[in-house]
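Okay, thanks everyone, I'll keep this short. Let me put the thing up on the screen and then we'll walk through it.

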Amino acid sequence: MLEGLLIGLQTAFSIQNLLMVIAGCLIGTFIGMLPGLGPMSIIAIMIPVAISMGDPSAALILLAGVYYGAIFGGSTSSILLNAPGVAGTVASSFDGYPMARQGKAGKALTIAAIASFAGGTLGAVLLMIFAPALSSVALLFHSAEYFALMVVGLSAIAAFAGSGQVAKAIIMTTLGLIMATVGEGALFNLPRFTMGIMDLQSGFGFITLAMAMFALPEALFLVLKPKDLKGDDGEIKDLRVTKDEAKAIAPVIGRQSVQGFFIGVLPGAGATIASFLGYAVERNIAPKEEQEEFGKGSIKGLAAPESANNAACTGSFVPLLTLGIPGSGTTAILLGALIALNVTPGPRLMIDEPQIFWAVIMSMFIGNLVLLILNLPLIPYIAKVLAVPRNYLIPFILFFTLMGAYIGQNNATELLILVGFGVCATALKFADYPLAPLLIGFILGGMMEDNFARSMQLYDGIAFIWERPMTLGLLVIAALLVLLPSYRARRARARAAGVADGD
Amino acid sequence: MALDRWIALILLGVCLTYGYAAWFTMDGSLPPFMQRNPIWPSTFPKVLSVLGAVACVIILLGLEKSEVKEADIDYRRLGEYHLGQAISLLVLMVVYALCLRPVGFLIATSSFLILGSFILGERKWHIMLPVAFIATGAVWYLVQEVLGIYMRPLPGLFGG
């Protein structure tokens, strides 16, 4: 482990990679602050840049920096404007915005920055401990278990989509898997489902799909319904936190970092669930008189979701780096980028390319530090980005979406596919279909079929399902995950709706 | 019928078409040596088509009641939002896609940015024009020189 740490330090501290972290954090903060643009859209837009850099460590460092920068930026607009830029920071606005209204915006931003920093750093420490352990277990896995594990991941994502949504999430996942079968697979060398169209021979472009699923609908929503961007234009001052306040939030940050991390590790859960759950837990265990303050500007109520969502972002890297299975839309996009760079995340990653793995972890520490140092003094200036008129903003977002798809393939047909899918995705979003499962299904589809085919060939049929206890166990878990929520929803219709979209 | 069930109906059609292709059209052309294989190119799609069709039917028949959530945008009152702007922007994107090659990157992009803000109601030409030209130039420089991806800057007429 020590050796790994040193390799990571060596890679992460090269000038280029340090610049990548800083650039990623700044870009993420700027764009994440804009309401309506989540980390998925930002990362999707950044992918062509990352891929054309050619160096996988640098690319992953840049994208990870963008990811936590976006979460941090999202909390800034939650606090200042009550307009969360990112679903994972909605819970931060519960107490952050009231604080800003009371003239304590500076303090709220400081607490958010410190809580995010602590959440991210503790998350990275936990990642350092758990990822190697998990990946040594994962090395024992057979392709049958991989197939089963992917089924578990996909059904967990469907199950966490909220009550009454499971069937919708399953449709979207299946649709993603179906789209992944279009084109020429490596396994059979036969074009499938191309309908004779040459452009579909190599399948749908992953970047095009990511842009069409996330960036384009979000931009169209901004056009359709302009969000009110009117905050208090007052100066942001008084960034200091008193000793008593620090003492009050320290245990909250500690608890929520750990809890957030483990929620982030689960597939399908993520920053959004982690932040809401963190908020709810802290409100429930707070003393009676402090409970009253939640929702009216409690510092604990702000620190809890902030540390939870950052820790969850870090946690979501665990399944990505150790199993090669993304648990959220954002990590799915990262996985796609890695595959494009000829790196296959999975248990072999730590053995074959340890510098990538450790450099990413090290860059998480650096990134969190950069966010803290850079953003605390710069917050008042960065917040000015909120004043960019939407008349300029939206054409630029659309343009970058188009450029991303174009640069990836250098093919103008791709742009038409992008617009077509973007319109479909917007319609799906209107009807409350979750879009992240589609993309995750699309990315996992190819791998899932490969592993399925490999185990079919090894066992000459589907006997591997009952002859390998671990595969059977995982598949049973997957079935339970899908069936239980619908069963419970049937029993308790009045249950409150879960929130599970958008991170 | 609510929009989500209409969409389920359409997706059911997609799944059935896909299923038809997988179950009935693919296996015939399979070379004999591949027929010995326990897995065929159509095996996985067959499973997927059944799974997708079942899930679509569940939504279509309303077997799973979903709670009505306060949606960000209510599609039933789509006319009350800036629908015209959204559609014009989509048309603009399609036009951009078709023009990018023949007209060249610089002209296509700067007109896209200018027309985009124009559609959204911006009329301050003295800001719009410089912003669009500078941004176009900067992006072209970055993509062409820094990332090294060739993009034809000028119309094909000038041999770009």
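I'll go through the contact between two chains, then the domains of one of them, then the nonpolar core.

One caveat up front: this is a predicted model.

So, the contact. Chain B puts in 53 residues, and chain A puts in 54. Where on chain B do they come from? Helices that give two or more residues to the side touching chain A are α1 (3-25), α3 (43-60), α4 (83-103), α5 (105-119) and α6 (125-146). The largest share of that side is from α4(B), with 11 residues. And if you sort the chain B side by class, you get 37 nonpolar residues, plus eight polar and eight charged ones.

Now, staying with chain B, the domains. The assignment splits out domain 1, residues 3-66, and domain 2, residues 83-158. Going by C-alpha atoms, the centres of those two domains of chain B sit 41 Å apart.

Okay, the core. The largest nonpolar core has 206 residues, and the members touching the most others are Ile43(A), Ala44(A), Leu63(A) and Leu439(A). Which helix gives the largest share? That's α6 of chain A, residues 105-138, with 16 residues in this core. Chain B is in there as well: domain 1 (3-66) and domain 2 (83-158) each supply at least three residues.

Last one, let's zoom in on Ile43(A). What does Ile43(A) contact, if you skip neighbours within four places in sequence? You get Leu63(A), Val66(A) and Tyr67(A), and then Thr330(A), Ile333(A) and Leu334(A). Leu63(A), remember, is also on that list of residues touching the most other core members.

That's it from me.

Terms used
Residues numbered from 1 in each chain as written. Chains lettered and ligands numbered in written order. Predicted model: local features only at pLDDT ≥ 70, side-chain atom pairs only at ≥ 80, totals over all residues. Contact = placed C-beta atoms within 7 Å. Helix = DSSP H or I, 4+ residues; strand = E, 2+ residues; numbered from the N terminus. Nonpolar A, V, L, I, M, F, W, Y, C, P; charged D, E, K, R; others polar. Domains from an automatic or database assignment. Core = buried A, V, L, I, M, F, W, Y, C linked by C-beta atoms within 7 Å. Buried ≥ 20, exposed ≤ 12 C-beta atoms within 10 Å, placed from the backbone.
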